[in-house]
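Visitor: Could you take me through the inside of this one, slowly? I'd like a close look at the core.

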Amino acid sequence: MKRCVIYVFSGTGNTKLCADHYKKYFESLDIETEIFQIKMKDKAFVDYPDPEKFDLVGFGFPVHGFNAPKVMNDFVKQLPSLKEKKTCFILKSSGEGLGLNDYASQKLLPKLFNKNYDVISERRYVMPYNMIFRHTEQMVSGEYVYAKALIKLHCKEISEGKRENVRVCPLKYWFVPVVRILWIYAQVQGPAMHADKSKCLKCNKCVNSCPLGNIHFDKKKDRYVFGTNCVLCVSCSFGCPTKAISIGLLNGWRVNGSYHIEETAEKLKNQNPVFPELKGFKGFLYRGYYRKADKMLEEAGIKLDNI
């Protein structure tokens with residue numbers, strides 16, 4: 001039996017949920033799969049499984065400003081080079097469907113190729129926003145149903161060794177590096193984040209959920225302190241039970257509270273259409289992505305109601 005490892009960075013859980021379905025479908029194809037969530041402690045990566053022990057290696061992350069989060073770039077940078085070339089794939093989640101999100105791996109790909117990671121597939125799944133605006137239940141349900149169907153298709157293709165045109169192309173990536181300034185902004189604004197003492201329960205949920213170990217409670221100052229190792233994954237503010245955490249200049253884009261994605265999809269499983277028709281700017285954000293998804297699934301003979 002083949003073995004697969006998927007290294008996942010996931011702030012609010014969307015990418016992890018996608019990785020869970022990769023594991024489900026891979027294992028139905030006799031590929032034993034292990035998911036490792038990338039975390040840091042004292043600014044060092046927590047011990048991770050050795051990629052040499054697996055036949056297939058995956059990397060999963062949410063798209064931040066049309067880029068991979070800095071932590072994923074740093075993780076790949078410190079990975080050892082493989083003794084022999086190994087098949088590799090990338091999975092991503094984004095809050096909207098714009099095509100620029102497809103090029104989020106620009107900085108990762110050369111590092112992976114140079115270390116003998118043979119990237120044959122890079123796929124993206126639209127999942128509920130954890131910033132900018134909150135998705136409706138109808139959107140959440142539709143996004144999840146489509147993601148599961150697409151993941152089923154992609155797992156089959158990866159297991160068969162289907163190769164896509166995954167490469168660095170500066171002409172296509174022209175806009176992506178401009179937005180990478182968010183990497184610097186996240187680190188600079190990190191210390192400006194704070195928890196409102198009048199709302200804070202001191203439950204430590206933000207401390208425990210931060211994948212980068214960037215938050216601690218200062219007993220002398222009687223407050224939570226946010227460090228410079230932030231990547232704006234917003235796990236802290238998203239999961240705060242009292243909406244006490246401010247995320248600095250982007251606080252107006254803050255979204256709080258779990259979407260309960262699987263439960264919502266189950267509740268609305270018979271809705272038609274699966275993904276609601278959106279007009280105006282929101283239609284622009286999603287229409288192209290779902291038209292492309294419909295075509296891919298139709299060609300593969302995969303029906304949404306069978307997922």
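Guide: Sure, let's start with the largest nonpolar core, which has 49 residues, and where Ile 38, Phe 59 and Met 72 touch the most other members. By nonpolar core I mean buried Ala, Val, Leu, Ile, Met, Phe, Trp, Tyr and Cys residues joined through side-chain atoms within 4.5 Å, with buried meaning under 20% relative accessible area (1.4 Å probe, protein chains only). Elements giving two or more residues to this core include β1 (2–8), β5 (56–62), α2 (70–78) and β10 (223–226); helices here are DSSP runs of H or I, at least four residues, and strands are runs of E, at least two, numbered from the N terminus. The top contributor is α2, with four residues.

A word on the source: this is a predicted model, so local features need pLDDT of at least 70 and side-chain atom pairs count only at pLDDT 80 or more, while totals for chains, interfaces and linings use all residues. Residues are numbered from 1 along each chain as its sequence is written, and side-chain values use heavy atoms, with hydrogens and water left out.

Back to Met 72: leaving aside residues up to four places away in sequence, Met 72 touches Tyr 7, Phe 9, Ile 38, Phe 59, Gly 60, Phe 61 and Leu 108, a contact being heavy atoms within 4.5 Å. There's also a second, separate core of 47 residues, with Ala 19, Leu 91, Phe 133 and Val 255 among them.

Helix α4 (residues 137–159) is worth a stop too: 18 of its 23 residues are buried, so α4 is largely enclosed by the rest of the structure. After α4 comes Gly 161, with a positive phi near 80°.

Conventions:
Buried < 20%, exposed > 50% of the residue type's maximum accessible area, 1.4 Å probe, protein only.
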